[in-house]
Amino acid sequence: MKITVVGTGYVGLVTGVCLADTGNHVVGLDIDPDKVARLSRGECTIFEPGLTDLLVANLAAGRFKLTTNLVEAVHHADVIFICIGTPPKADGSADLSHIEKAVQDIARAVNKKTILVMKSTVPVGTGQWVEKLVAPLARHPITVISNPEFLKEGTAVNDFQKPDRVVIGTEDEDAAAVMKQLYQPFVRNNHPVIVVRRAASEMVKYAANCYLATRISFINHIANICEKLGIDVNEVRQGIGYDVRIGSHFMYPGIGYGGSCFPKDVQALAHVAREAGADGELLELVHAINEKQKSLLADRIRSHYGDKLAGKTFAVWGIAFKPRTDDIREAPALRIIESLLAAGAKVRAADPKSLDNLRKEFGDQLAYCGDAYDALTGADALVICTEWNEYRTPDFERIKSSLKSPVIFDGRNLYDPAYLKRLGFTYYSIGRPAVKG
Ligand code: NAD
């Protein structure tokens with residue numbers, strides 16, 4: 001099939017190369033000429049396990065091409081996937097202005113009957129709105145359908161290639177058949193392709209993300225209560241996780257969720273709910289709990305040092321909003337670094353993949369350390385913000401001898417408090433009593 005993906009960021013690039021890899025001819029359209037040039041050379045613009053190999057192989061096979069030329073990209077395709085960002089506006093609602101411009105330009109350019117697939121996360125009713133927007137501009141029929149994306153950064157290629165389910169939102173049987181054919185190679189494990197009405201499909205994506213975000217805020221809420229009561233939240237997690245109605249996925253206490261999806265989607269659905277005259281209370285609370293959780297570690301650091309942070313130095317391990325990605329959008333680490341800098345402290349940051357992105361945000365305000373142990377040199381304490389695997393069993397003796405004093409603020413509960421106490425560390429974590437070495 002001939003496909004165009006519009007927007008070659010996390011979703012568009014993964015979608016494009018994975019569809020090319022099953023034999024489709026795919027064009028990736030982006031407005032960023034630098035991104036298009038780098039991707040065309042086989043240089044991946046994001047870190048995502050397995051993605052570079054797929055990109056290079058499909059460029060070489062001639063099945064994946066990139067362009068900034070909208071007309072060329074539109075004329076190529078029978079099916080066009082919109083994978084453009086939908087960032088939050090000040091009131092929490094989704095900003096659809098980039099999508100609006102793109103679909104209007106696409107409508108003017110179509111030279112045959114075309115299926116327009118909304119893969120971006122968009123509020124309920126967007127499909128209908130786009131349909132009305134494009135109809136007067138297009139000389140050929142455009143069928144607008146919804147196909148939300150559920151990939152997770154860090155495992156995006158695998159998630160796309162082996163989805164738990166594919167959701168197609170359309171009442172058009174022909175378009176549904178085309179989409180089923182396109183996804184057939186990815187659901188050979190008998191995972192379902194579910195066809196629902198377009199508005200329901202739009203809601204599926206928000207409901208899924210909001211539920212996952214709710215689980216995180218829930219366990220953080222429980223963690224904070226546990227801490228006050230002197231209980232270890234990990235023991236509580238185990239005790240509830242074996243209940244099949246609950247399960248233990250997505251129940252890790254920490255310093256809150258980040259990334260480009262959960263924070264904006266929770267706020268966007270709350271906004272949609274209010275606009276529709278429904279109650280957005282639960283989602284507002286999920287968001288508020290998360291915002292508070294993002295400040296928790298910085299508050300803890302301030303209270304440990306009695307608010308005297310000026311002149312202190314902190315090593316920060318982990319910047320990305322989660323491991324195996326270089327994405328720092330809405331990452332809790334950013335909030336913590338800002339707060340430390342504002343209090344007059346210095347920060348030495350380490351992360352296996354996201355230092356380049358961090359440098360774009362903070363310039364020369366920080367020291368950037370390619371090696372995690374290098375970040376400890378001359379630091380008063382270690383602060384852990386992302387649970388990269390390589391931080392899980394570190395050389396504690398080396399940490400202890402590099403730090404001015406053996407203090408760790410762990411936002412991801414990587415270590416056993418009793419063990420760290422035996423090693424002589426003062427160790428703060430989330431939802432577990434602090435130990436003093
Ligand atoms: P992104 O910011 O990584 O990529 C968006 C891309 O679109 C950029 O490369 C940008 O240059 C390009 N672009 C913007 N306007 C354009 C235009 N008019 N024409 C062509 N290209 C244009 O965003 P993303 O993380 O891939 O997210 C895209 C959408 O998918 C969002 O709605 C998001 O909520 C949703 N989503 C994201 C994820 C995720 O994990 N990142 C997962 C599921 C769904």
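This tour moves along one helix to a patch on the surface and then turns to the ligand. Keep in mind throughout that the model is predicted.

Begin by selecting residues 198–229, which make up helix α9. At 1.5 Å a residue, these 32 residues should span 46 Å, and because the C-alpha atoms at the two ends are 47 Å apart, the model agrees with that expectation. Now step just past the end of the helix and select G230, which follows α9 and has a positive phi, near 75°.

Next, go back into helix α9 and select I225. Is I225 buried or exposed? It falls in between: its relative accessible area is 39%, and because partly exposed covers values from 20% to 50%, I225 counts as partly exposed. Add L229 and I231 to the selection, and you will have a nonpolar patch on the surface, in which I225, L229 and I231 together offer about 260 Å² of accessible area.

Now select the ligand and display what surrounds it. There are 25 residues around the ligand, and those that come nearest are D30, K35, T86, E153 and K264. Zoom in on E153, where a polar side-chain atom lies 2.7 Å from a nitrogen atom of the ligand. Then look at V11, which uses its backbone instead, with a polar atom there 2.8 Å from an oxygen atom of the ligand. Finally, select R329, whose side chain has an N or O atom 3.0 Å from an oxygen atom of the ligand. To end the tour, show the surface of the ligand: taken alone it exposes 830 Å², and the protein buries 88% of that area.

Technical notes
Residues are numbered from 1 along each chain as its sequence is written. This is a predicted model: local features need pLDDT of at least 70, side-chain atom pairs count only at pLDDT 80 or more; totals for chains, interfaces and linings use all residues. Side-chain values use heavy atoms; hydrogens and water are left out. Helices (H or I, at least four residues) and strands (E, at least two) are DSSP runs, numbered from the N terminus. The expected span of a helix is 1.5 Å times one less than its number of residues. Patches are made of residues with over 30% relative accessible area and no salt bridge: like charges are joined within 9 Å, nonpolar side chains (Val, Leu, Ile, Met, Phe, Trp, Tyr) within 5 Å. Accessible areas come from the Shrake-Rupley method with a 1.4 Å probe; for residues, only the protein chains shown count as cover. A salt bridge is a side-chain nitrogen of Lys or Arg within 4 Å of a carboxyl oxygen of Asp or Glu. Buried means under 20% relative accessible area, exposed over 50%, partly exposed in between (1.4 Å probe, protein chains only). A residue is near a molecule or strand if one of its heavy atoms lies within 4 Å of it. A polar contact is a pair of N or O atoms within 3.5 Å; within protein, one must be able to donate a hydrogen and the other to accept it, and residues adjacent in sequence count only if both atoms are side-chain atoms.
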